[in-house]
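Please open the model in a viewer and keep the selection panel at hand. The tour begins at the ligand and then moves outward to the chain as a whole.

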Amino acid sequence: MIQALRGTRDILPEEVGYWQLIEATAREILGRAIYQEIRPPIFEQTALFERGIGEATDVVGKEMYTFKDRGDRFLTLRPEGTAGVVRAYISNKLYGQGGVQRLWYTGPMFRYERPQAGRQRQFHQVGLELLGSKAPRADVEVIALATDILQALGLKNLQLDINSVGNGSDRQQYREALVNYLEPYKEELDQDSQDRLTRNPLRILDSKDPKTQEIARNAPKITEHLSDESKKHFDTVLQLLTDLDIKYQINHCLVRGLDYYTHTAFEIISADLGAQATVCGGGRYDGLVSELGGPETQAVGWAIGMERLVLLLQELQGNPVNNPDLYLVSRGEIAEAKSLILAQKLRNAGLSIELDLSGSAFGKQFKRADRSGAVACLILGDAEAENMTVNLKWLASGEQQTLSQSNLLGMTEELKTKIAEIKRSF
Ligand code: ATP
Ligand code: MG
């Protein structure tokens, strides 16, 4: 028996309602802000991620699924969405359309990580990118949309952490100050952080090691090393958040894992998730488009981890289910042949119908009708089939009526209204 790969999961029907709810909520809220969906490929040239995300990051250094294809090209299953969206933006010259591009995506991402609750090797994100604006309003628009989506899903106990990582030269200066501060503690840092001291010292701030965290707490703060311009950007972002009544906490240790961030970096964290608590991560990346060969373009975006949202939603509510409006039972040679025709006509009129295919005794089919969650049952025996009638039974009240099939098909709008009312009252 072949098993699913470690770190992958089947999302079964009993759970898929949560996924659909997240996608529908994102689609609606982002649609209202005129974000358009983009669907880049799931694999790209390895060089895209190496250059885009940065070779010294965990993602590129140790988490990518990279392989050589039959044409000896190095390919990588996308570990995140931004690099691919930016590549698509450049390849398709979306910048040529002028103004800003507001794009969103959803789909699977791949990282070779140690699987645990809320952390998988194939996981899913919904994310957005706003390209072509350096305005602090853009940063706050995207943050507000993330909080809107999470709120619309009914999630509580969320916290927005925010920081500024400045521009390239701010970071250069800060890097020196940070290394000077950390150098005397070198022996006390965890192994990864010791390695990062020369390669990627800012990432040390993000270490999960308690001793390193303690040392990092007293490190110089990047916000004290910002240029006037960077500081103004950050202050405006914070003011706009306050204006929108979005609560935040400045987290001086928040630097995010990917190299391309500039200025605003943020995370939304849930208090209900334990160790894998970040549900959304994002920030501004003003250098990435030009780094990947496009024109100078400022941009900001985020990604929400869907597995973690599903874990939270499961605590809040049952799986949103799609119960049929009608359950169609039939028995007898003529009736069974006609049942599919009737089901198709009603489906085409906009009703949802589960057709019982068993051919078993009516009693057994009625039991399944009850279990299906349908509002009403349609009953077709040979007698009804022959004189073109059908029996309609309302399952909650037990009330029954016999109708001609053409009458039934003529009253589908009425039926839909009545069924919707009954479903609402459940
Ligand atoms: P973490 O610190 O949890 O590893 P990250 O900084 O690597 O997160 P991002 O690259 O910012 O994560 O991705 C955005 C979001 O995608 C995360 O906040 C998280 O919700 C989700 N995510 C990232 N990696 C995984 C994974 N392996 N499995 C499930 N969800 C993930
Ligand atoms: Mg990670």
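**The ligand and its shell**

Select ligand 1 first: 14 residues surround it, each with a heavy atom within 4 Å, and the closest are Arg111, Glu113, Gln120, Arg256 and Thr278. This is a predicted model, in which local features need pLDDT of at least 70, side-chain atom pairs count only at pLDDT 80 or more, and totals for chains, interfaces and linings use all residues. Residues are numbered from 1 along each chain as its sequence is written, chains are lettered from A and ligands numbered from 1 in the order in which they are written, and side-chain values use heavy atoms, with hydrogens and water left out.

Next, display the polar contacts (pairs of N or O atoms within 3.5 Å). At Arg111, a polar side-chain atom is 2.7 Å from an oxygen atom of ligand 1. At Gln120, a backbone N or O atom lies 2.8 Å from a nitrogen atom of ligand 1. At Arg308, a side-chain N or O atom is 3.1 Å from an oxygen atom of ligand 1. Ligand 1 taken alone exposes 580 Å², of which the protein buries 89% (Shrake-Rupley method, 1.4 Å probe).

Now colour the shell by class: four residues are nonpolar, five polar and five charged, with Gly counted as polar.

**Strands and domains**

Select strands S6 (122-131), S10 (278-284) and S11 (299-305), each of which supplies at least two shell residues; strands here are DSSP runs (E, at least two residues). Which strand gives the largest share of the shell? That is S10, with three residues.

Finally, colour domain 1 (13-167 + 227-317) and domain 2 (326-417) separately; these bounds come from an automatic or database domain assignment. Their centres, taken over C-alpha atoms, are 48 Å apart.

Note on methods
Polar contact = N/O pair within 3.5 Å; in protein donor to acceptor, adjacent residues only side chain to side chain. Helix = DSSP H or I, 4+ residues; strand = E, 2+ residues; numbered from the N terminus.
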